[in-house]
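Me: Please take a close look at one part of this model, beginning from the contacts of a single residue and following them outward. I should like one connected account, with each term explained as it arises.

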Amino acid sequence: MATQIRPQPGILDIALYQGGQSQIEGQAEPLKLSSNENPFGPSPAAVAAMQGALTQAHRYPSTDHAALRAAIAEVYDLDADRIICGVGSDEIIHFLCQAYAGPGDEVLYTTHGFGMYRISALAAGATPVVAPERERMVDVDALLAMATDKTRLVFIANPANPTATLIPMADLARLAEGLPKVCLLILDGAYAEFTEGYDGGKSLVETRENVVMTRTFSKAYGLGGLRVGYGYAPKEIVDVLNRVRGPFNLSGIALAGAEAAVRDTDWVAECIRVNAEERARLTGGLRQLGIGCDDSHANFVLARFADEAEAVAVDAYLKAQGIIVRHPRSYGMPQCLRITVGRPEDNSRVLDALRSFK
Ligand code: PMP
């Protein structure tokens, strides 16, 4: 007999997450360049702090995350009272949708917007709305044209994933200014550390009432497996988000690891420096091979091929060489491959493999 138990409308429109590939049959240790992880791993100081925290695993963790918020505030010159920590920035996106969007409301993002925007919007019972991009760039005019009095949240990743493109601060300010008064603009800064001179939108959060910035420890800090992210928002918004946050959402181990990681400023600066150098080498190498590639502002590059068939063939060829990259089909870019910037020897391996592709 068919079940009479039904999820709320919208839930079945969420596709089950397939998960990225991390193994290749017959390859003991594939080179994984598919999830924009830090190829150098976490800071040794973070590893030591997590090991130290293990003996306290019988204790419930801090519920206000005061020590981690204080460390983030100190390092990034933020107000600790305006920070909220979550299980990855994924969870902050989820809190925002839970708290600010519901049935009848719209959540707006762009064609290649990060997958969690849609999942969280539908989970909250809201309607996802997708605005077009222009030349793989977020188009502020298209977003402004599509924002209605039903729009509650607008999500932009800057730099964006999977395009690695960046839109200027002036455009972000124009968007924040032009949106309806009831609408929050969320600047997703998952890759902000990799863009020199960009504050992830902090200055806009500090001068406006309708802007929220999200950040993560998963990328530059090499802690994707730990699941820690945070939001920076006006105090009233943080107070609202804290109401939908579970009191013990972050483990003591995660809190200790993230705090040590953010305080290890030399280590992350070095990772960012090497990334910038290697990103330029990878981009240049791709272009030399006649493969289209926009300037990247993140820790990955988007390689554009003639068509989907070529991208699929290159993807298969790289896998045969033990290299896993991301075919961003689900982002609607089937003619592309997204390649995480690895260690220098990893990037040389990718370029050598592409050179030998026939
Ligand atoms: N935003 C963007 C644009 C991302 O690419 C990612 C990770 N893939 C996230 C947010 C979420 O990252 P996390 O939950 O690990 O902080």
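Reply: Leaving aside its neighbours within four places in sequence, K219 is in contact with N36, N38, A190, Y191 and N299; two residues are in contact if their C-beta atoms, placed from the backbone, lie within 7 Å. This is a predicted model, in which local features need pLDDT of at least 70 and side-chain atom pairs count only at pLDDT 80 or more, while totals for chains, interfaces and linings use all residues. Residues are numbered from 1 along each chain as its sequence is written.

The lysine at the centre of this list carries an annotation. An unreviewed UniProt entry places the feature "modified residue: N6-(pyridoxal phosphate)lysine" at K219. UniProt positions are given in the numbering used here, feature names are shortened, and annotations may be inferred rather than shown by experiment. The unreviewed entry also places "domain: Aminotransferase class I/classII large" at residues 30-354. In the model, the span 30-354 is 42% helix and 16% strand, and its end C-alpha atoms lie 16 Å apart.

K219 is located in the loop between β7 (211-216) and β8 (229-232). Helices (H or I, at least four residues) and strands (E, at least two) are DSSP runs, numbered from the N terminus. K219 counts as buried because it has 28 C-beta neighbours inside 10 Å. The cut-offs are as follows: a residue is buried if 20 or more other C-beta atoms lie within 10 Å of its own, exposed if 12 or fewer, and partly exposed in between, with C-beta atoms placed from the backbone.

The loop between β7 and β8 also holds Y221. Y221 is buried, with 25 other C-beta atoms within 10 Å. Not counting residues up to four places away in sequence, Y221 touches N38, A261 and V268. N38 is also among the contacts of K219. By contrast with these contacts, V154 lies 26 Å from Y221 in space, C-alpha to C-alpha, at a separation of 67 residues in sequence.

One contact of Y221, A261, leads to helix α9 (residues 252-263). A261 is one of the α9 residues that meet helix α1. Helix α1 (residues 44-53) packs against α9 at an angle of about 150°, with the two axes 8 Å apart. Here axes are lines fitted to C-alpha atoms, for helices over the stretch in contact, and angles run from 0 to 180 degrees between N-to-C directions. That angle makes α1 roughly antiparallel to α9; angles under 35 degrees count as roughly parallel, over 145 as roughly antiparallel, 65 to 115 as roughly perpendicular and the rest as oblique. The crossing of α1 and α9 is right-handed. A crossing is left-handed if the near helix is turned anticlockwise from the far one by less than a right angle, and right-handed if clockwise.

On the α1 side, A45, A46, A49, M50, G52 and A53 take part, and they meet G252, I253, A256, G257, E259, A260 and A261 in α9. By class, this contact of α1 with α9 has 9 nonpolar, 3 polar and 1 charged residues. Ala, Val, Leu, Ile, Met, Phe, Trp, Tyr, Cys and Pro count as nonpolar, Asp, Glu, Lys and Arg as charged, and the others, Gly among them, as polar.

Helix α9 also packs with helix α2 (residues 66-76), at an angle of about 15° and with axes 9 Å apart. The helices α2 and α9 are therefore roughly parallel to each other, and α2 passes α9 in a left-handed crossing. In this pairing A67, L68, A71, I72 and V75 of α2 meet L255, A258, E259, V262 and R263 of α9. The residues of the contact of α2 with α9 divide into 8 nonpolar, no polar and 2 charged. E259 of α9 is listed in the contact with α1 and also in that with α2.

After α2, the chain enters the loop between α2 and β2 (83-86), where D77 lies. Phi of D77 is near 55°, a positive value in a residue other than glycine. Most residues other than glycine have a negative phi, and most peptide bonds are trans. D77 counts as exposed, with 9 C-beta neighbours inside 10 Å, whereas K219, where this account began, is buried.
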